Amino acid sequence: MNFLMALIINGPIKSFCYRRLQYLSSKFQMHVLLNEMKELAAQKKVPHRDFYNIRKVDTHIHASSCMNQKHLLRFIKRAMKKHLDEIVHVEKGKEQTLKEVFETMNLTAYDLSVDTLDVHADRNTFHRFDKFNAKYNPIGESILREIFIKTDNRVSGKYFAHIIKEVMSDLEESKYQNAELRLSIYGRSRDEWDKLARWAVNHRVHSNNVRWLVQVPRLFDVYRTKKQLANFQEMLENIFLPLYEATIHPAQHPELHLFLEHVDGFDSVDDESKPEHHIFNLDSPLPGNWVEEDNPPYSYYLYYMYANMTVLNHLRRKRGFHTFVLRPHCGEAGPIHHLVSGFMVSENISHGLLLRKVSKDGGACGGWESWLGNRPPPHPILGTPILCWGVATWVGAEAVCDPPQEPLMEEYSIATQVWKLSSCDMCELARNSVLMSGFS
């Protein structure tokens, strides 16, 4: 890692890489000038296929924001009509029905609108992780988030399962759109995996158009402060031991074994711009000795996830089960060494916005999304040139509860307009999204 960091600031290497990237861009422009019409003609000759009916995968979408805000609004109104007297929440030991929850907020189904729901990531969320996270709370109330978009609650995640199944049926109807939805495992307790698997299996949350990625929020400092964890080792054990057990004794964990068949890999999520008080190096304490309340640095999280996944994958391969990949949020904000860590240990990354600050040779591959609800200004490294250099790039729709009916198609159309992409470029982006996903 130190070696790569030294390369990034090396003058001659900077010049060499800059010239090489310019050379690759020029070569690509020459190819376009010579072959664009031939490519277009070749595309037209392919029967039945066009951009709209080739398969695309949205590799970066959080399950709790996979529906658009209109869909969520309709769903909540429907629940208020049908399940008013269902007990959905426990407040200070007292059970509350859905009707009572809304009465405490002085709201009726008639009052609800897209504006009062306020879950759409707008311009105020750009580079504001705190505001972005707050948008996951319908009407700004965490209680509604718990009732409607959580898997572990008083109604056993019933509402969340229903709304995801509706999203799945939309994907199945569109036929050519697929998604990898992210569910969270926090590492606070050993039974999180079993609860999540039970939710998925009992509610039959399954579709051929959907695979799962498991995101692990980097929140050790929060759990440590609340005395929920004694050290970082405990968090790692809560995340990985159930997976080893389900791999060695699948019959003892039938639901988890079944659920893992549809999990592609892991993601590491949180605000990358938080200050890091520690540099990960040889002197860093081992996880069992990490007892302080400071959060371990990004590289520390990534390394220990990678190390555990590598051993787990060897075990799963030996047993004839499919393996997992590490696909973290990386280079979204914060220091450059996050990108170096991602480059060293992950299969591919999400975002990579910071690549523009270190235009070294391509090698990292990442998705372009509406980052924190607002598109970044078109920058050459995130635009067409990154395709010219041969770096695998694709498009995703991360934005929370975006208004359009088909957010992924909207992202493709915006990318086309902003970067003047040809239909061949569009198809290449879609192809990359399939190759970089966990779909076959």
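Colleague: Is Trp290 buried or exposed, and what is its relative accessible area?

Modeller: This is a predicted model, and the statement on Trp290 is computed from it. Buried means under 20% relative accessible area. Trp290 falls under that limit and is therefore buried, with a relative accessible area of 0%.

Colleague: How are the rings of Trp290 and Tyr300 arranged?

Modeller: A pair of aromatic rings is described by the distance of the centres and the angle of the planes. For Trp290 and Tyr300 the centres are 4.9 Å apart and the planes stand at 50 degrees. Planes under 30 degrees apart count as stacked and over 60 as edge-to-face. The angle for Trp290 and Tyr300 fits neither class, so the pair is tilted.

Colleague: Where in the chain do Trp290 and Tyr300 lie, and how many residues apart are they?

Modeller: Trp290 is in the loop between β6 and α13 (298–318), while Tyr300 belongs to helix α13. Tyr300 counts as buried, at 0% relative accessibility. The pair links distant parts of the chain, and its two members are 10 residues apart.

Colleague: Which residues form one aromatic cluster with Trp290 and Tyr300?

Modeller: The structure holds 20 aromatic pairs. Trp290 and Tyr300 belong to one aromatic cluster, whose other members are Phe220, Phe232, Phe280, Tyr301, Tyr303 and Tyr304.

Colleague: What distance does helix α13 reach from its first C-alpha to its last?

Modeller: Helix α13 has 21 residues. Its buried residues include Tyr300, Tyr301, Tyr304, Asn308 and Arg316. Just after α13, Gly320 takes a positive phi of about 80 degrees. At 1.5 Å a residue the expected span of α13 is 30 Å, and the helix reaches 30 Å.

Colleague: How is the pair formed by Phe51 and Tyr412 classed?

Modeller: The ring centres of Phe51 and Tyr412 are 5.2 Å apart, and the planes stand at 65 degrees, so the pair is edge-to-face. Phe51 is in the loop between α2 (11–45) and β1, and Tyr412 is in helix α16 (residues 407–419), 361 residues away. Both residues are buried. The class of the pair is edge-to-face.

Colleague: Which strands stand at the edges of the open sheet?

Modeller: The sheet has 5 strands in the order β1-β4-β5-β6-β7, with parallel pairing. Two of these strands have a single partner strand each, so one side of each is left without a neighbour in the sheet. Those edge strands are β1 (56–62) and β7 (325–326).

Colleague: Which residue of β7 is the bridge partner of Phe266?

Modeller: Strand β6 (residues 263–269) pairs with β7 in the parallel sense, over 2 bridges. In β7, the bridge partner of Phe266 is Leu326.

Colleague: What is the N to O distance in the salt bridge between Asp267 and Arg182?

Modeller: Asp267 lies in strand β6 and Arg182 in strand β4, 85 residues apart. Asp267 counts as buried at 0% relative accessibility, and Arg182 counts as buried at 2%. Their side chains meet in a salt bridge with an N to O distance of 2.5 Å.

Colleague: How many residues apart in sequence are the parts tied together by Arg327 and Glu180?

Modeller: The side chains of Arg327 and Glu180 meet in a salt bridge of 2.6 Å, N to O. Both Arg327 and Glu180 are buried. Arg327 lies in the loop between β7 and β8 (329–330) and Glu180 in strand β4 (residues 177–184), so the pair ties together parts whose separation in sequence is 147 residues.

Colleague: Which residue meets Glu95 in a salt bridge?

Modeller: Glu95 lies in strand β3 (residues 94–97), and its partner is in the loop between α7 (142–148) and α8. Glu95 is partly exposed at 39% relative accessibility, and the partner is partly exposed at 37%. The N to O distance is 2.8 Å, and the partner is Arg154.

Colleague: Which residue follows helix α8 with a positive phi?

Modeller: Helix α8 (residues 158–174) has 17 residues and reaches 25 Å, close to the 24 Å expected. Among its buried residues are Tyr159, Phe160, Ile163, Ile164 and Val167. The residue that follows α8, with a phi near 70 degrees, is Lys175.

Methods: Residues numbered from 1 in each chain as written. Heavy atoms only, no water. Helix = DSSP H or I, 4+ residues; strand = E, 2+ residues; numbered from the N terminus. Expected span 1.5 Å × (residues − 1). Buried < 20%, exposed > 50% of the residue type's maximum accessible area, 1.4 Å probe, protein only. Pairing = 2+ DSSP bridges. Phe/Tyr/Trp six-rings, centres within 6.5 Å; stacked < 30°, edge-to-face > 60°. Salt bridge = Lys/Arg side-chain N within 4 Å of Asp/Glu carboxyl O.
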